[in-house]
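Colleague: Please take a close look at one part of this model, then work outward from there. Give me the cut-offs as you use them.

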Amino acid sequence: MNLSDYTVTRTSPAARAAAALGAIVLIALIAAPWWAGRADMRLMSELFLYLALASLWNLMAGYAGLVSVGQQAYVGFGGYMLFALTIFGGLHPIAAIVVAGLLGALIAIPAAVLIFRLRGAYFAIGTWVVAEVFRLSFAQVSALGGGSGSSLPVGIVKSLASGRSARESLSYWLALGSAVLVIAAVYLFLRSRRGLALTAIRDNELAAGSLGIDIWRTKFAVYVVTAALTSLAGALIFLQKLRISPDAAFSVNDWTAFVIFIVVIGGIGTIEGPIIGTLIFFLLRETLADLGTIYLMVLGVVAIVVMLKAPKGVWGLIRARFDLQLFPLGYRVVRHISKKDT
Amino acid sequence: MTAILKLDGLSKAFGAVKVAEGQSYEVQEGEALGVIGPNGAGKTSMFNLITGTLAPDAGRVIFNGQDVTAMSAAKRCRAGIARSFQVPQPFSGMTVFENAMIAATQAADLRGAEAERHCLQVLEQTGLLPKANTLAGSLTLLERKRLELTRALCAKPKLLLLDEIAGGLTEGECVSLVQTIRDIHASGVTIIWIEHVVHALLAVVDRLIVIDFGKKIAEGEPRAIMDSPEVKEIYLGIEADA
């Protein structure tokens with residue numbers, strides 16, 4: 001055996017094909033204002049924001065093992081920051097969205113120090129308590145409408161862009177941009193040295209710690225960055241809605257339960273999972289939403305069946321069968337047959 | 001020679017069970033030290049105390065002249081202490097090569113092509129190169145034990161702690177393992193090896209210590225220790241004064 005016969009590669013034909021296809025789809029999506037209707041664009045915007053939330057929750061729960069049921073804390077916080085910064089701070093909405101993200105990171109630091117003392121189920125409950133504290137706190141702020149909430153003033157909405165269709169296009173692109181930003185950030189992070197450490201933590205904390213990985217610091221960083229991007233997505237969600245109230249902003253159902261459903265159905269602990277899960281979720285919602293409560297029951301049944309029959313989700317099934325990885329994170333050792341006499 | 005590791009009165013108890021009681025000894029740089037003792041004697045706990053997986057109730061661990069007692073396991077590993085686990089702890093969802101890369105990038109702080117090259121070399125040395133792209137979760141027990149050794153070596157340790165890696169091997173596999181460990185030792189790595197397969201151990205180590213009920217009960221030249229009454233009593237149930 002000669003070591004020089006071996007090389008290490010981080011890509012594959014499937015991944016290159018997926019990247020090319022992804023680029024084409026992305027260009028088509030960027031061009032949506034020219035081919036899609038108003039209602040379709042609204043639906044797609046919502047889909048992109050859910051995709052961003054699901055990818056972030058997956059990074060936390062699927063990789064860092066931080067199973068949070070309190071991410072609505074940051075969705076709501078981001079939404080309220082958008083309203084506060086534009087109404088009282090006089091910021092342009094887009095600047096406010098970015099600042100909301102930064103403030104989300106800032107507020108996540110003390111929250112993390114507090115809830116990182118808890119493990120497993122207690123951690124999950126702790127995150128929910130934090131979200132409830134956020135909800136009750138914002139309900140006290142009478143300048144933001146207290147418990148009944150408030151609407152984004154017309155002047156601020158108009159400052160986004162002149163004309164209704166320009167505003168709608170911009171709002172759509174912002175949603176698409178946030179999903180692309182989040183997926184790209186997650187992908188690049190997981191491919192990096194720190195990302196390798198996080199994947200090791202996902203698989204075995206004891207071994208990770210014994211191989212030089214600072215588990216607490218890695219998880220802390222993931223929590224804070226996730227909070228920042230979730231706040232950013234939250235600000236975008238309420239820029240679409242134009243109205244905010246504590247119950248809508250900090251809804252555990254809308255911003256965490258559905259997001260967990262998406263990740264579990266699609267495949268937890270993979271980048272592809274949340275993408276597939278979001279598509280399935282919206283497909284179910286758009287076809288069954290008229291059925292009212294029955295729709296939620298169907299979601300529940302689907303979740304239970306998938307958890308029992310395919311605990312790694314739809315993407316897990318596909319990967320087990322075809323050994324595919326659309327986002328190449330891994331390493332592959334390739335052996336070349338050395339050419340003799342040349 | 002200077003001491004690379006010094007245990008100073010190390011004690012640890014879980015309730016009434018003392019897994020370490022006033023353990024003190026030194027390991028010289030470049031030495032190969034064997035550790036024997038009955039099951040439950042506290043051998044693995046001693047490793048946990050050295051690597052920082054367990055915090056002692058009393059005593060100090062001094063590595064390379066530095067008191068590391070308060071240091072986390074991760075920091076001690078980066079400082080140069082690597083171990084294999086008795087019960088293999090693979091990163092199951094990652095390939096063998098990726099398992100190795102984690103040690104090379106996180107513990108040895110190697111980057112890019114340098115890390116990849118180092119991992120390939122170690123995999124060749126431990127015989128896992130043909131399995132490089134296999135998911136660690138689907139390896140056999142023997143392969144998992146080799147993966148433990150691979151990962152520890154990829155961390156580029158100064159001090160290597162081996163916890164029962166020869167158990168369950170066939171005679172042929174054992175001979176090749178002994179050769180691998182000898183090569184590692186010859187390259188200048190200090191080794192502490194816990195092993196029940198005594199003939200494999202004796203083929204490598206310069207010195208032996210015996211642990212029972214968390215206490216060091218004997219220490220010295222391997223053959224002499226194996227013939228000592230204390231060891232015979234523990235292993236064969238022969239009374240020391242019989």
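Modeller: What follows starts at a helix of chain B and moves outward from there.

This is a predicted model, in which local features need pLDDT of at least 70 and side-chain atom pairs count only at pLDDT 80 or more, while totals for chains, interfaces and linings use all residues. Residues are numbered from 1 along each chain as its sequence is written, and chains are lettered from A and ligands numbered from 1 in the order in which they are written.

Confidence comes before geometry. The model scores ipTM 0.87 and pTM 0.88. Chain B averages a pLDDT of 90, and 97% of its residues score at least 70; pLDDT is the predictor's confidence in each residue, from 0 to 100.

Now the part itself, helix 3 of chain B. Helices (H or I, at least four residues) and strands (E, at least two) are DSSP runs, numbered from the N terminus. Helix 3 of chain B has twelve residues and reaches 16 Å from first to last C-alpha, close to the 16 Å expected at 1.5 Å a residue. The expected span is 1.5 Å times one less than the number of residues. Twelve of the twelve residues are buried, so helix 3 of chain B is largely enclosed by the rest of the structure. Among them are Val96(B), Phe97(B), Glu98(B), Met101(B) and Gln106(B). A residue is buried if 20 or more other C-beta atoms lie within 10 Å of its own, exposed if 12 or fewer, and partly exposed in between, with C-beta atoms placed from the backbone.

The cover comes from two chains. From chain A, helix 9 (193-203) and strand 4 (332-335) pack against the buried residues of helix 3 of chain B. From chain B come helix 2, strand 6, helix 4 and helix 5 (141-154). Just after helix 3 of chain B, Asp109(B) takes a positive phi of about 60°.

The interface is next. In all, 31 residues of chain B are in contact (C-beta atoms, placed from the backbone, within 7 Å) with 24 residues of chain A. Helix 2 (73-79), helix 3 (96-107) and helix 4 (112-126) of chain B each supply at least two residues of the side of chain B that touches chain A. Helix 3 of chain B gives the most, with eight residues. By class, this side of chain B has 15 nonpolar, ten polar and six charged residues. Ala, Val, Leu, Ile, Met, Phe, Trp, Tyr, Cys and Pro count as nonpolar, Asp, Glu, Lys and Arg as charged, and the others, Gly among them, as polar.

Strand 6 of chain B leads into a sheet. Six strands of chain B form an open sheet with mixed pairing, in the order 6-7-8-3-9-10. Two strands pair if DSSP finds at least two bridges between them. Strand 6 (81-83) and strand 10 (215-220) of chain B stand at the edges with a single partner strand each, so one side of each has no neighbour in the sheet. On average, neighbouring strands of this sheet are turned by 20° against each other, direction ignored. Angles run from 0 to 180 degrees between N-to-C directions, and axes are lines fitted to C-alpha atoms, for helices over the stretch in contact.

At one edge, strand 6 of chain B pairs with strand 7 (residues 159-163) of chain B in the parallel sense, over three bridges. There, Ile81(B) stands opposite Leu159(B). At the other edge, strand 9 (residues 207-212) and strand 10 of chain B pair antiparallel over five bridges. Gly220(B) in strand 10 of chain B is the bridge partner of Leu208(B). The hairpin of strands 9 and 10 of chain B has two residues between the strands, and Phe213(B) takes a positive phi near 50° there.

Chain B has another open sheet. Four strands lie in the order 2-1-4-5, with antiparallel pairing. Its edge strands are strand 2 (17-28) and strand 5 (66-67) of chain B, each pairing on one side only. Helix 1 (residues 43-51) of chain B packs on this sheet, touching strand 1 (3-14), strand 2 and strand 4 of chain B. The direction of helix 1 of chain B makes about 65° with that of strand 2 of chain B. Two bridges join strand 4 (residues 58-63) of chain B to strand 5 of chain B, with Phe63(B) opposite Gln66(B).

Two helices of chain A round this off. Of the 18 residues of helix 1 of chain A, the number buried is zero, so helix 1 lies largely in the open. In helix 6 of chain A, the buried residues include Gly126(A), Val130(A), Phe134(A) and Arg135(A). Their cover includes helix 4 (72-87) and helix 5 (93-115) of chain A.

Definitions and conventions. Contact = placed C-beta atoms within 7 Å.
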